[in-house]
Amino acid sequence: MKKILILTTALTGFAVSAGAQELTVMSWGGAYGEAQTEAHVKPWAAASGFAAKMVDSDNPATPIKAMVEAGNVTIDVASLEYADAIRLCDEGMLEPIDIASLPAGADGTPAADDFLAGAVTECGVSTDIWSNVFAYDSSKLTGTVPTTAADFFDLEKFPGKRGLKKGAKAVLEFALIADGVPVGEVYDVLSTPEGVDRAFAKLDTIKSEVVWWEAGSQAPQLLADGEVVMTTAYNGRIFNAAIAENKPFEIVWDGQIYENEMYAIPKGAPNKDKALEFIAYATSTEGLRAQATYISYGPARKSALAEELIYKDGKTVMGPHLPTAPENMTNALETSAEFWVDRNAELNERFNAWLAQ
């Protein structure tokens, strides 16, 4: 996705010059970055009269940490994974956000009661609930198709390459689910040396057939190019490819691993006050509903779920495509932010060593 600069005359009556201050939002690019741009960045700029732009990163947590440590912060708002938002907050790298500063729901419910449990933390506010799933190309897999996490690891039943995200998080959990660990016990198992060994042993069974991806846009591209038979992916990326681009992709929800995505403000953001205004706007009932009409990630406010959501094409009902749809939650795991805050460095070190073997 190209980087976007929005200049507006909406409230000021005159054009904002290119040299004026502007709000900079960093997100993940692709279909997700586009959804946030269209639902949040553009309309906020028009409503506020303050210029805004979106920039992309494979993982915003990495450059945000580097900027704050260097004392040279150029980003005002960052879209962060839940565990990263908590970790960076604990490290003093994010500005606190008072839930009382967030608007009430469209039905008047105070923000503290309107947001779903865990959706607002000391330094972050949820923009959506997304998930890691796996998907296949139905034009290439006919007859018997995968329906469970275990099928992803079954090279005999489904021969061919697999796409996997290059990192420990969500990959180790997925491996344990596929190996028969009940979702309610995954983190208990993964908290033990034996459990970690078990996850890597399961990954060993497909390691020779794995194509690793790092950016979210790569997963659907691997499927489209026929480089893999199936791949893990962010559910919104597969939805976008299937609905907006008419790709014959099917999501398997069994073993999905879901979490909140958070808007946060880096410590030392050049436009902190505007950043707070932006987050309040974007995470309002209307802001969250708007984003969910562009990509299949669930809103984190109860009031945003009160009415049916329709995709931007005007006909696709979003409910069945959301991670939180009841039929998609039958064997779903919520990411443990606490676990990954404590174990991220250790398990990624082990993961990288395993990759090099």
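## Gln 291 and its setting

Gln 291 sits in helix H12, which covers residues 285-292. The model is predicted.

Is Gln 291 buried or exposed? Its relative accessible area is 1%. Buried means under 20%, so Gln 291 counts as buried.

## Contacts of Gln 291

Which residues does Gln 291 touch, leaving aside those up to four places away in sequence? One set runs from Tyr 32 to His 40: Tyr 32, Ala 35, Gln 36, Ala 39 and His 40. Thr 127 and Asp 128 complete the list.

## Fold and dimensions

The protein chain holds 13 helices and 10 strands. Its radius of gyration is 20 Å, and the globule rule gives 21 Å for 357 residues. The two values are close, so the chain is as compact as a globular protein of that length.

The C-alpha trace spans about 65 × 45 × 40 Å along its principal axes.

## Packing

Of the 357 residues in the protein chain, 54% count as buried. Gln 291 is one of the buried residues.

Take the contacts in the chain with a separation of 6 or more. Residues 24 or more positions apart account for 75% of them.

## Surface and charge

The protein chain exposes about 14500 Å². Carbon and sulfur atoms supply 50% of that area.

How many side chains of each charge does the chain have? There are 28 positive and 50 negative side chains. The centres of the two sets lie 5 Å apart.

Note on methods
Residues numbered from 1 in each chain as written. Predicted model: local features only at pLDDT ≥ 70, side-chain atom pairs only at ≥ 80, totals over all residues. Heavy atoms only, no water. Helix = DSSP H or I, 4+ residues; strand = E, 2+ residues; numbered from the N terminus. Rg over C-alpha atoms; globule rule 2.2 N^0.38 Å. Buried < 20%, exposed > 50% of the residue type's maximum accessible area, 1.4 Å probe, protein only. Contact = heavy atoms within 4.5 Å. Areas by Shrake-Rupley, 256 points an atom, 1.4 Å probe, with all protein chains shown as cover. Lys, Arg positive; Asp, Glu negative; His and termini not counted. Charge placed at Lys NZ, Arg CZ, Asp CG, Glu CD.
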